[in-house]
Amino acid sequence: MRIAPLLIVFFLSWLAPARADTVFSDLDFAAASAKAKEGGKLLLVDFTASWCRPCREMNQQTWPDATLRAWVAEHAVAIQVDVDTSQDLAQKFAIHAIPTVMFLQDGKELNRYTGFLLAEDVIAWGDAVLAGKAMPEPRLARSAPDPAPDELHARYDAANELVKRGKLDDALEKFLSVWKDTREAPGWMGVRHSFLLSDMQELARRHPPAAKAMAGLLDAAQQSFDNADPIRWVDWIEWTSLCRKLDQTDRIVAWYDAHHDAKGAVDLKRLDAEVAERVQDDVLDQLVARRRFAEAARAGGDLVARANAWLEAQSHLKDWTDEKWSEMSAAMVSHYNESMLQHLTPMYGCALAAGQVDVAHQIAELVVGVLDTPGARISLVRAALAMSGTSDSQLTILLDRAAELGIEEATLRAELQKRASGAVPAPAGG
């Protein structure tokens with residue numbers, strides 16, 4: 001599934017603070033601020049995210065630089081902040097695009113820059129900040145590959161400032177101009193469909209003209225999407241993001257209903273190859289939400305391949321030594337496991353609902369092969385009972401193994417027995 005590469009980036013980037021080739025401490029913001037103040041140093045903060053391409057490039061090219069590491073060791077305490085997992089901090093500092101790098105001192109922001117930076121740029125900028133000056137402009141112009149125009153960031157910041165001042169019509173005009181001009185702007189895809197869209201929707205709740213404008217954006221995106229051939233990534237993401245934000249996800253289901261073959265598989269003919277997998281994922285999610293479980297299995301394509309793609313992250317992590325693995329916090333492991341169950345157990349239930357018993361068994365084996373816990377097995381059984389009418393023998397095996405591992409789920413076992421006897425009707429699910 002589409003998330004597997006992001007999971008790989010998420011885990012490998014999380015491990016980065018423990019390596020010798022990075023400038024970043026593993027302290028949180030408060031602790032890093034205190035340490036910088038105590039040592040009379042600057043605090044350098046890199047706001048980043050796993051999906052951000054320029055951020056990943058800086059992780060590879062900029063932050064490991066030996067000269068930069070030496071400069072930071074002498075003059076600063078440096079941390080990275082993931083805007084997805086630290087949204088409060090991102091909002092506090094009004095982070096609207098990434099990467100955004102910031103220098104602070106004694107809790108006060110001194111200077112920031114949004115966009116790609118080379119190590120030499122960060123050093124020159126840091127020296128300027130220490131001297132009470134702003135970042136050297138010539139370096140900025142040279143540094144960033146495919147930068148979004150500075151004016152886009154300025155307009156976005158201005159829109160939010162206008163909202164704070166109550167000038168809602170002016171704010172709406174700014175937001176709409178940024179939305180239009182970032183449609184295919186490098187580095188803006190994630191921000192456009194998360195922070196920007198959320199800010200616009202928040203304005204729409206307060207300001208009827210903004211609500212009308214948002215509806216107009218969806219209609220325009222619908223028209224563009226309907227006419228696109230092929231349907232590209234940007235077409236699908238823009239349309240579906242607006243559908244979700246405006247509670248119009250029935251449109252996604254209606255598109256599937258009009259674009260699947262006789263077996264229920266998504267018609268991929270008009271889809272650009274880059275977006276096909278994302279389309280199957282989104283359609284599967286929407287059909288599951290509507291309890292159309294068997295159709296979801298057919299729309300999702302090769303569910304075993306999708307499950308394997310999710311678990312592909314494990315093969316990359318296996319290359320790390322036991323010592324590195326042990327440095328991963330329990331919270332990060334828990335996050336991975338919860339995400340895996342959230343995505344794979346519905347596929348298991350959908351496969352059973354569609355009568356794809358062998359497919360379901362393969363998915364279950366993949367899950368317990370990675371996470372052989374009572375909770376994982378019980379999650380599989382719950383999904384099966386909620387989404388299918390089967391009393392497949394594997395469900396009893398899963399419960400028996402869960403009991404051996406320490407949890408006897410009497411309620412699920414009783415429901416399974418009733419299902420086997422025909423006392424419980426099969427759930428509706430297509």
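**Exercise 1. Salt bridges in the predicted model**

By the distance rule applied here, this structure holds 24 salt bridges. The model is a predicted one, so keep that in mind as you work through the exercises.

Task: Find the salt-bridge partner of Arg112 and say how exposed the two residues are.

Solution. Start from the side chain of Arg112, which meets that of Glu109 in a salt bridge with an N to O distance of 2.8 Å. A salt bridge needs a side-chain nitrogen of Lys or Arg within 4 Å of a carboxyl oxygen of Asp or Glu, and this pair satisfies that. Next, look at exposure: Glu109 has a relative accessible area of 30% and is partly exposed. Arg112, at 28%, counts as partly exposed too.

**Exercise 2. A pair that links two helices**

Task: Work out which parts of the chain are tied together by the salt bridge between Asp219 and Arg251.

Solution. First, check the contact: the two side chains meet at 3.4 Å, N to O. Then place each residue. Asp219 belongs to helix H11 and Arg251 to helix H13 (residues 250-258), so the pair ties together parts that are 32 residues apart in sequence. Finally, exposure: Asp219 is partly exposed at 45% relative accessible area, and Arg251 is partly exposed at 25%.

**Exercise 3. One more pair, and a network**

Task: Decide whether Lys269 is buried or exposed, name its salt-bridge partner, and then list the residues of a salt-bridge network that includes Arg183.

Solution. Lys269 has a relative accessible area of 71%. The cut-off for exposed is over 50%, so Lys269 is exposed. Its partner is Asp267, with the closest N and O atoms 2.9 Å apart; Asp267 is partly exposed, at 26%. For the network, follow the links from Arg183: Glu184, Arg192, Arg232, Asp235 and Glu238 are joined with it through salt bridges.

**Exercise 4. How two helices pack**

Task: Describe the packing of helix H11 (residues 208-227) against helix H12 (residues 233-245).

Solution. Two packed helices are described by the angle and the distance between their axes. Here the axes come within 9 Å and cross at roughly 145°. The crossing is left-handed. Now list who makes the contact: H11 contributes Met214, Leu217, Leu218, Ala221, Gln222, Ser224 and Phe225, while H12 contributes Asp235, Trp236, Glu238, Trp239, Leu242, Cys243 and Lys245. Sorted by class, the contact has nine nonpolar, two polar and three charged residues. You have already met Asp235 and Glu238 in the salt-bridge network.

**Exercise 5. Building the sheet**

Task: Put the strands of the four-stranded open sheet in order and find those at its edges.

Solution. Begin with strand S1 (residues 42-48). Seven bridges join S1 to S2 (residues 76-82), and the two run parallel; in this pairing Val45 stands opposite Ile79. On to S3 (residues 100-105): five bridges join it to S1, this time antiparallel, and Phe47 has Thr100 as its bridge partner. The full order is S2-S1-S3-S4, with mixed pairing. S2 and S4 (108-114) are the edge strands, each with a single partner, so one side of each has no neighbour in the sheet. From one strand to the next, the twist averages 20°.

Now add the helices. H2 (residues 29-39) packs on the sheet and touches S1 and S2, its direction making about 155° with that of S1. H6 (residues 119-130) lies across S1, S3 and S4, at about 30° to S3.

**Exercise 6. Both faces of S1**

Task: Say which residues of S1 point each way, and whether they are buried or exposed.

Solution. Leu42, Leu44, Asp46 and Thr48 point one way. Leu43, Val45 and Phe47 point the other way. All are buried, which fits the strand total of seven buried residues out of seven.

**Exercise 7. Around Pro346**

Task: Locate Pro346 and name the residues it touches beyond four places away in sequence.

Solution. Pro346 sits in helix H18 (residues 330-353). With residues up to four places away left out, Pro346 touches Leu341 and Met387. Its C-alpha atom is 7.7 Å from that of Val288, a residue 58 places away along the chain.

Conventions. Residues numbered from 1 in each chain as written. Predicted model: local features only at pLDDT ≥ 70, side-chain atom pairs only at ≥ 80, totals over all residues. Heavy atoms only, no water. Buried < 20%, exposed > 50% of the residue type's maximum accessible area, 1.4 Å probe, protein only. Pairing = 2+ DSSP bridges. Axes fitted to C-alpha atoms, helices over the stretch in contact; angles between N-to-C directions. Left-handed = near helix turned anticlockwise from the far one by under 90°. Contact = heavy atoms within 4.5 Å. Nonpolar A, V, L, I, M, F, W, Y, C, P; charged D, E, K, R; others polar.
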